[in-house]
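These are my notes from going through the model, entry by entry. I began with single residues and their contacts, and then went on to salt bridges, helix packing and the core.

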Amino acid sequence: MVMDILKREAVYLWYYSSVQFEQIAGYWILGMLIGSVISVFAKDRIHRLFAGLSGRRLGIFGIVIASALGILSPLCMYGTIPVAASVAENGMEEDWLASFMMSSVLLNPQLLIYSSALGTELLLIRLASCFLCGILAGLLVRLCGRKAAFFDFSKFSAAAGRDTDPNMALRLLKNLVRNVRATGGYFLLGIVLSALFQRYVPADAFASLFGKHEGFGVLMAAAIGVPLYMCGGGTIPILMQWLAMGMSKGAAAAFMIMGPATKITNLGALKIVLGARHFTYYLLFAAACSLALGWAVSMVF
């Protein structure tokens, strides 16, 4: 009897997982390919563009450009900080650095492609909200007008390039393999977790928590983004299932901001360069952006 129940549940979970995999695998593969192409062929150009901002009198417009370049950068936070450190040595404005790093924490080209699986509206919401968060971070640092440095990059040195094979095809292939290894396990885990949600969590109960009472739903989504966010690719299957179960777009937006902003690997790197007090400001800023933009999305959509 027990074995029959276990076999039946295994069949259900396999079915849900396979359906989810078919729906999203193409976006994941495309994200891997585009991310590797950008990393191998365009990463240095993007970072040279950012470094080229130093010394230019762009004012607030420099913050906007820095936020856009942060989203285009394919590096993780431990790769982004050495880039920021190198341009800081050449006199880069700290508000531009803040904008670049904030948007880089929240979004990259791979994750942008993954997010296409959520639909056009959520894709645009994610892009716009992350871009805006980067701009707001830069504006706040600019308005503070601090005499002392906001960042301390002394413990970071320039990262050694990993894409160095002289054969461009092999260089691209090696980068793609690294991306698959880095995200593949989380992607499959996200599919399994989404299948478990679909099978065992009542849709009505979920919708009442994250959909019907949108203000509370945004708050809850931001809160669960802290412990549950693992990898961008791994959260897309879960978000797809949550949205199907009734999660509001505002709650999804809050999760998509608070999750990567408080991802444990990102926090470790940011704590080093910000120090205790500025790191606390960063966490408060991330929470405020997550809630404010989540509630704003709820009112519009």
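**Entry on T262.** I looked up what T262 touches once its neighbours within four places in sequence are set aside, and I found contacts with G225, V226, L267 and L283. The model I am reading is a predicted one, and in it T262 sits in the loop between α12 and α13, the latter spanning 264-300. I then checked its accessibility: T262 comes out at 6% relative accessibility and counts as buried, because anything under 20% relative accessible area is called buried. I also took the C-alpha separation from T262 to Y229, which is 8.0 Å for two residues 33 apart along the chain.

**Entry on S290.** I used Y229 again as a reference point for S290, and here the C-alpha to C-alpha distance is 14 Å, with the two positions 61 residues apart in sequence. S290 belongs to helix α13, and at 0% relative accessibility I have it down as buried. Which residues does S290 contact, leaving aside those within four places in sequence? I listed V218, A222, A254, I257 and M258.

**Entry on M168.** I turned next to M168, which is found in helix α8, residues 168-200. Is M168 buried or partly exposed? Its relative accessibility is 34%, and I therefore recorded M168 as partly exposed. Beyond the neighbours within four places in sequence, M168 is in contact with V40 and F41. For M168 and V40 I also noted the C-alpha separation, 8.3 Å, although these two residues are 128 apart along the chain.

**Entry on salt bridges.** I searched the whole structure for salt bridges and the search returned two.

The pair I examined to begin with joins the side chains of R142 and D95, with N to O at 2.8 Å. R142 lies in helix α7 (residues 120-144) and D95 in helix α5 (residues 94-106), so this bridge ties together parts that are 47 residues apart in sequence. I compared the accessibility of the partners: R142 is partly exposed at 38%, whereas D95 is buried, with a relative accessible area of 5%.

I then went to the bridge between E121 and K249, where the closest N and O atoms are 3.4 Å apart. E121 is in helix α7 and K249 in helix α12 (residues 249-261), so the pair links parts that are 128 residues apart in sequence. In this bridge E121 is partly exposed at 39% relative accessibility, and K249 is partly exposed as well, with a relative accessible area of 29%.

**Entry on α8 and α11.** I looked up how α8 packs on helix α11 (residues 232-244), and noted an angle of about 20 degrees with the axes 6 Å apart. The two helices are therefore roughly parallel to each other, since angles under 35 degrees count that way. The crossing of α8 past α11 is right-handed. From α8 I wrote down Y186, F187, G190, I191, L193, S194, F197 and Q198 as making the contact, and from α11 G233, G234, P237, I238, Q241 and W242.

**Entry on α4 and α5.** I did the same for helix α4 (residues 77-89) and α5, where the angle is about 170 degrees and the axes are 10 Å apart. That makes α4 roughly antiparallel to α5. On the α4 side the residues that meet α5 are M77, T80, I81, A84, V87 and A88, and on the α5 side they are L97, F100, M101, S104 and V105.

**Entry on the core.** I finished with the largest nonpolar core, and asked which of its 76 residues touch the most other members. My list reads F50, M101, F153, M247 and Y282. The largest share of this core comes from α13, which contributes twelve residues. I followed F153 further and, not counting residues up to four places away in sequence, I found that F153 touches I81, A84, A85, A88, L97, M101 and V273. Among these contacts of F153 are I81, A84 and A88, which I had already entered for α4 where this helix meets α5.

Key
Residues numbered from 1 in each chain as written. Predicted model: local features only at pLDDT ≥ 70, side-chain atom pairs only at ≥ 80, totals over all residues. Heavy atoms only, no water. Salt bridge = Lys/Arg side-chain N within 4 Å of Asp/Glu carboxyl O. Helix = DSSP H or I, 4+ residues; strand = E, 2+ residues; numbered from the N terminus. Buried < 20%, exposed > 50% of the residue type's maximum accessible area, 1.4 Å probe, protein only. Contact = heavy atoms within 4.5 Å. Core = buried A, V, L, I, M, F, W, Y, C linked by side-chain atoms within 4.5 Å. Axes fitted to C-alpha atoms, helices over the stretch in contact; angles between N-to-C directions. Parallel < 35°, antiparallel > 145°, perpendicular 65-115°, else oblique. Left-handed = near helix turned anticlockwise from the far one by under 90°.
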